[in-house]
Amino acid sequence: LPISAQNTLAGPARDEMRTMPGAAEMAVRIKQMCEDHYAREVGRMAYLEARLNLTQPEQPLFARWKSVKVDIAKRRSAECSQQLGGHGRDLNRKFSNPVERMTGEQDMLKRRLADLDAERPVLAALYGALTPQQREALSPRGPQMAGGVMDPGMMRGGPMEMGDRPLPPPQ
């Protein structure tokens, strides 16, 4: 920024410009973010286990599902650290063109599909053994997430409200 623009910035904004994180600090932050994903999943599973108040026959079914979920979270955390922490790799260079970005997205979706294939049968076995009240406790609350990304329309109560106009078809 020109000196005149720098002088107009308020204290915290001006300080942030001078303290942009370096590569080492960013690597630490990224590693922490990746580890936090795993920790949140472990915590979420402990919360569900307590909330469901499982019976003796339900406990091994839950333990199997929990094992699959935690294994997936651990693998994703390791992949996250490797891909984003990157051993000094330049993140912007990883997908330098649209074809590489599409290939990366396709690989990610294949991994997600494999995760779903591993999780679905053990979750189905658990779900089938639960009471209606336990099933309600297991069901997600609030806006549904698809692949970890919330549909912005869900915040308004659905994909479209009365008066919303759909986007025109691509030309």
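**Lys69 and its surroundings**

Leaving aside residues up to four places away in sequence, Lys69 touches Glu41, Arg44, Met45 and Glu119. Everything here comes from a predicted model. Lys69 itself is found in helix α4. Its relative accessibility is 16%, and buried means under 20%, so Lys69 counts as buried. One of the contacts goes a step further: Glu119 forms a salt bridge with Lys69, with the closest N and O atoms 3.5 Å apart. This pair ties together distant parts of the chain, as Glu119 belongs to helix α6 (residues 98–129) and Lys69 to helix α4, 50 residues apart. Glu119 is tucked away too: its relative accessible area is 9%, so Glu119 is buried.

Now for the wider picture. The protein has seven helices and two strands. Reading from the N terminus on, the order of the elements is α-α-α-α-α-α-α-β-β. Of the 171 residues in the protein, 17% are buried. The accessible surface comes to about 12,900 Å², and carbon and sulfur atoms account for 60% of that surface. Take the contacts between residues at least 6 apart in sequence: 60% of them join residues at least 24 apart.

Helix α3 is a good place to try a bit of arithmetic. It covers residues 23–52, which makes 30 residues, and at 1.5 Å a residue it should span 44 Å. The C-alpha atoms at its ends are indeed 44 Å apart, so the expected span and the model agree. Which residues of α3 are buried? They are Ile30, Cys34, Glu41, Met45, Leu48 and Leu52. Two names on that list, Glu41 and Met45, also turn up among the residues that Lys69 touches. Right after α3 comes Asn53, whose phi is positive, near 50°.

Back to the charged side chains. How many salt bridges does a search of the whole structure find? The search finds eleven. In one of them, Glu49 pairs with Lys66, and the closest N and O atoms are 3.3 Å apart. Here again distant parts of the chain are linked, with Glu49 in helix α3 and Lys66 in helix α4, 17 residues apart. Glu49 counts as partly exposed because its relative accessibility is 33%. Lys66 is partly exposed as well, with a relative accessible area of 27%.

Another salt bridge stays inside a single helix. The side chains of Arg75 and Glu79 meet at 3.0 Å, N to O. These two residues are four residues apart in helix α4, so about one helical turn separates them. With a relative accessibility of 30%, Arg75 counts as partly exposed. The pair also belongs to something bigger than itself: Arg75, Arg76, Glu79, Arg111 and Asp115 are linked in a network of salt bridges.

Finally, the aromatic rings. A search of the whole structure finds one aromatic pair. Its members are Phe62 and Trp65, which meet edge-to-face, 5.7 Å centre to centre and with 80° between the planes. Why are Phe62 and Trp65 separated by about one helical turn? They are three residues apart in helix α4 (residues 58–85), and that spacing gives about one turn. Are these rings' residues buried or exposed? Both Phe62 and Trp65 are buried.

Methods. Residues numbered from 1 in each chain as written. Predicted model: local features only at pLDDT ≥ 70, side-chain atom pairs only at ≥ 80, totals over all residues. Heavy atoms only, no water. Expected span 1.5 Å × (residues − 1). Buried < 20%, exposed > 50% of the residue type's maximum accessible area, 1.4 Å probe, protein only. Phe/Tyr/Trp six-rings, centres within 6.5 Å; stacked < 30°, edge-to-face > 60°. Contact = heavy atoms within 4.5 Å. Areas by Shrake-Rupley, 256 points an atom, 1.4 Å probe, with all protein chains shown as cover. Salt bridge = Lys/Arg side-chain N within 4 Å of Asp/Glu carboxyl O.
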